[in-house]
Amino acid sequence: MLLLQPWAVDLSHWPARFVLVLFQWLSQIDAAKEAALLTYFVVQSFRLTPKGAITPGDATEVQDIEHALRLAEKLAASSAGVVAFSRTGDPSTGELEDAVILYANGAVPLLESELAIAC
């Protein structure tokens with residue numbers, strides 16, 4: 001199926017009703033693509049082993065950014081390190097954007113120092 005971009009076609013000689021329906025249809029496609037994206041919020045804690053190595057604790061998926069920040073701050077008091085982050089993507093394709101670090105505290109392995117922290 002050939003899908004033409006509306007700006008790439010001269011629509012001046014087409015009936016106005018058809019052009020309106022075409023633009024509405026293209027808008028619905030864009031809205032459906034946008035609606036397919038989901039944002040996941042995750043809090044990951046880290047602990048020290050008796051030998052001093054850092055190991056991951058349980059990763060917890062939470063509802064929203066506020067919950068992620070509250071949980072991360074709570075876990076920071078009892079963990080060697082904690083990081084809260086979000087990722088946005090399309091579950092049907094598996095494509096995900098880069099993670100956005102919302103909170104980091106303590107020893108967090110593989111967290112590059114040049115990464116910007118959102119909060």
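Two residues are in contact here when heavy atoms of each lie within 4.5 Å. The model described is a predicted one.

## Overall arrangement

The protein has two helices and five strands. From the N terminus on, these elements follow the order α-β-β-α-β-β-β. Of the 119 residues, 23% are buried. The accessible surface amounts to about 8,600 Å², and carbon and sulfur atoms account for 58% of this area. Among contacts with a separation of 6 or more, 45% are made by residues 24 or more positions apart.

Confidence varies along the chain. The average pLDDT is 77, and 62% of the residues score at least 70. Helix H1 (residues 16-35) has the lowest confidence, with a mean of 61, whereas H2 has the highest, at 94. In residues 112-116 the pLDDT is below 50, and this stretch has two contacts in the model beyond near neighbours in sequence.

## The nonpolar core and helix H2

The largest nonpolar core holds 10 residues: Phe41, Val43, Val62, Ala68, Leu71, Ala72, Val82, Ala84, Leu102 and Tyr103. Two or more residues of this core come from each of strand E1 (38-48), helix H2 (65-76), E3 and strand E5 (100-106). H2 gives the most, with three residues.

Helix H2 is 12 residues in length and spans 16 Å from its first C-alpha to its last, close to the 16 Å expected at 1.5 Å a residue. Its buried residues are Ala68, Leu71 and Ala72. These lie on the same side of H2, because they cover an arc of only 100° around the axis. An α-helix has 3.6 residues a turn, so residues three or four places apart point the same way. On the other side of H2, Arg70 and Lys74 are exposed. The buried residues of the helix pack against E1, strand E2 (54-62), E3 and E5. For Leu71, the contacts beyond four places in sequence are with Val43, Thr60 and Val62.

## Individual residues in the strands and a loop

The table lists the relative accessible area of five residues.

| Residue | Relative accessible area | Class |
|---|---|---|
| Gly89 | 2% | buried |
| Ser86 | 9% | buried |
| Ser45 | 11% | buried |
| Ala36 | 28% | partly exposed |
| Pro56 | 49% | partly exposed |

Ser86 belongs to strand E3 (residues 81-90). With 9% relative accessibility, Ser86 counts as buried because the limit for that class is under 20%. Leaving aside residues up to four places away in sequence, Ser86 touches Thr39, Tyr40, Phe41, Asp98, Ala99, Val100 and Leu102. Two of these partners, Phe41 and Leu102, are also listed in the largest nonpolar core.

Gly89 is placed in strand E3 as well. Its relative accessible area of 2% makes Gly89 a buried residue. With residues up to four places away in sequence left out, Gly89 is in contact with Ala36, Leu37, Leu38, Glu95 and Leu96.

Ala36 sits in the loop between H1 and E1. Unlike a buried residue, Ala36 is partly exposed, at 28% relative accessibility. Ala36 and Gly89 are 53 residues apart in sequence, while their C-alpha atoms are 8.2 Å apart in space. Beyond four places in sequence, Ala36 touches Gly89, Asp90 and Pro91.

Ser45 lies in strand E1. This residue is buried, at a relative accessible area of 11%. Its contacts, not counting residues up to four places away in sequence, are with Thr55, Pro56, Gly57, Asp58, Leu75, Ser79, Gly81 and Val82.

Pro56, one of the residues that Ser45 touches, is found in strand E2. With a relative accessible area of 49%, Pro56 is partly exposed, because exposed requires over 50%. Apart from residues up to four places away in sequence, Pro56 touches Gln44, Ser45, Phe46 and Arg47. Between the C-alpha atoms of Pro56 and Val82, which are 26 residues apart along the chain, the separation is 9.2 Å. Val82 is itself a member of the largest nonpolar core and is among the contacts of Ser45.

How values were computed. Residues are numbered from 1 along each chain as its sequence is written. This is a predicted model: local features need pLDDT of at least 70, side-chain atom pairs count only at pLDDT 80 or more; totals for chains, interfaces and linings use all residues. Side-chain values use heavy atoms; hydrogens and water are left out. Helices (H or I, at least four residues) and strands (E, at least two) are DSSP runs, numbered from the N terminus. Buried means under 20% relative accessible area, exposed over 50%, partly exposed in between (1.4 Å probe, protein chains only). A nonpolar core is a set of buried Ala, Val, Leu, Ile, Met, Phe, Trp, Tyr and Cys residues joined through side-chain atoms within 4.5 Å. Accessible areas come from the Shrake-Rupley method with a 1.4 Å probe; for residues, only the protein chains shown count as cover. pLDDT is the predictor's confidence in each residue, from 0 to 100. The expected span of a helix is 1.5 Å times one less than its number of residues. The arc is that of the directions from the helix axis to the C-beta atoms.
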